[in-house]
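Welcome, and thanks for opening the viewer. Let's take a short walk through this model, one selection at a time.

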Amino acid sequence: MDSERFDVNNIQVQMMMVVKLHQLQRETLPALTYRNLEDYVCRCIWADKTPRSLHVAANDILAITANDIVRFLAREAARTRDSSLEDFSDLIGGK
């Protein structure tokens, strides 16, 4: 029997992420995107191992704070500071 994967491609996990995204947008980070949240989950929370159950995945996602996201985005910005503006065209509306 195949075990279900509870990663960011799982529809139930995606629904939980949308709920968390709307909460963060409403409370403190109105410009936060789904992609920002997904990157944080993949690169920080589940970088080494994805959860084996839905309740663990949900707890991981619901425990994310605005501070966690801001620190992650700041690190990502510092890491990519040597990149050119064209590298970010998809984020700022380029073609």
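Before the first stop, one term: a residue is called buried when its relative accessible area is under 20%, exposed when that value is over 50%, and partly exposed in between. Please also keep in mind that this is a predicted model.

**The whole chain**

Start with a cartoon of the protein chain. You should find four helices and zero strands, in the order α-α-α-α as you read along the sequence. Now colour by pLDDT. The mean for the chain is 87, and 81% of the residues reach 70 or more. Among the elements, α1 has the highest mean pLDDT (97), while helix α4, residues 66-79, has the lowest (90).

Switch to a surface next. The chain exposes about 6,800 Å², and carbon and sulfur atoms supply 53% of that area. Of the 95 residues, 32% count as buried. If you like to look at contacts, take those between residues at least 6 apart in sequence: 62% of them join residues at least 24 apart.

**The aromatic pair**

How many aromatic pairs does the count come to? The count comes to one aromatic pair. To see it, select Tyr40 and Phe72 and show their side chains: the ring centres are 5.6 Å apart and the planes stand at 70°, so the pair is edge-to-face. The pair links distant parts of the chain, since Tyr40 sits in helix α2 (residues 34-45) and Phe72 in helix α4, 32 residues apart.

Stay on these two side chains for a moment. Is Phe72 buried or exposed? Its relative accessible area is 3%, so Phe72 is buried. Tyr40 has a relative accessible area of 10%, so this residue is buried as well.

**Around the pair**

Keep Phe72 on screen and add Asp39, which lies in helix α2. Leaving aside residues up to four places away in sequence, Asp39 touches Cys44 and Phe72. Asp39 has 16% relative accessibility and therefore counts as buried.

Then pick Val70, in helix α4. Draw a distance from its C-alpha atom to that of Tyr40: the two are separated by 9.9 Å, although they are 30 residues apart along the chain. Val70 has 42% relative accessibility, so this residue counts as partly exposed.

**Where α1 meets α2**

Hide the side chains and show α1 with α2. Two packed helices are described by the angle between their axes and the distance between the axes. Here α1 and α2 pack at an angle of about 115°, with axes 10 Å apart, and their crossing is right-handed.

Which residues of α1 and α2 meet? From α1, select Gln14, Met17, Val18, Lys20 and Leu21; from α2, select Tyr34, Leu37, Glu38 and Val41, which they meet.

**Last stop: Met15**

Finish on α1, residues 11-27, by selecting Met15. Its relative accessible area is 52%, so Met15 is exposed. Now add Ala58 and draw one more C-alpha to C-alpha distance. Met15 and Ala58 are 43 residues apart in sequence, and the distance in space is 9.8 Å.

Technical notes:
Residues are numbered from 1 along each chain as its sequence is written. This is a predicted model: local features need pLDDT of at least 70, side-chain atom pairs count only at pLDDT 80 or more; totals for chains, interfaces and linings use all residues. Side-chain values use heavy atoms; hydrogens and water are left out. Helices (H or I, at least four residues) and strands (E, at least two) are DSSP runs, numbered from the N terminus. Buried means under 20% relative accessible area, exposed over 50%, partly exposed in between (1.4 Å probe, protein chains only). Contact means heavy atoms within 4.5 Å. Accessible areas come from the Shrake-Rupley method with a 1.4 Å probe; for residues, only the protein chains shown count as cover. pLDDT is the predictor's confidence in each residue, from 0 to 100. Rings of Phe, Tyr and Trp (its six-membered ring) pair if their centres lie within 6.5 Å; planes under 30 degrees apart count as stacked, over 60 as edge-to-face and the rest as tilted. Axes are lines fitted to C-alpha atoms, for helices over the stretch in contact, and angles run from 0 to 180 degrees between N-to-C directions. A crossing is left-handed if the near helix is turned anticlockwise from the far one by less than a right angle, and right-handed if clockwise.
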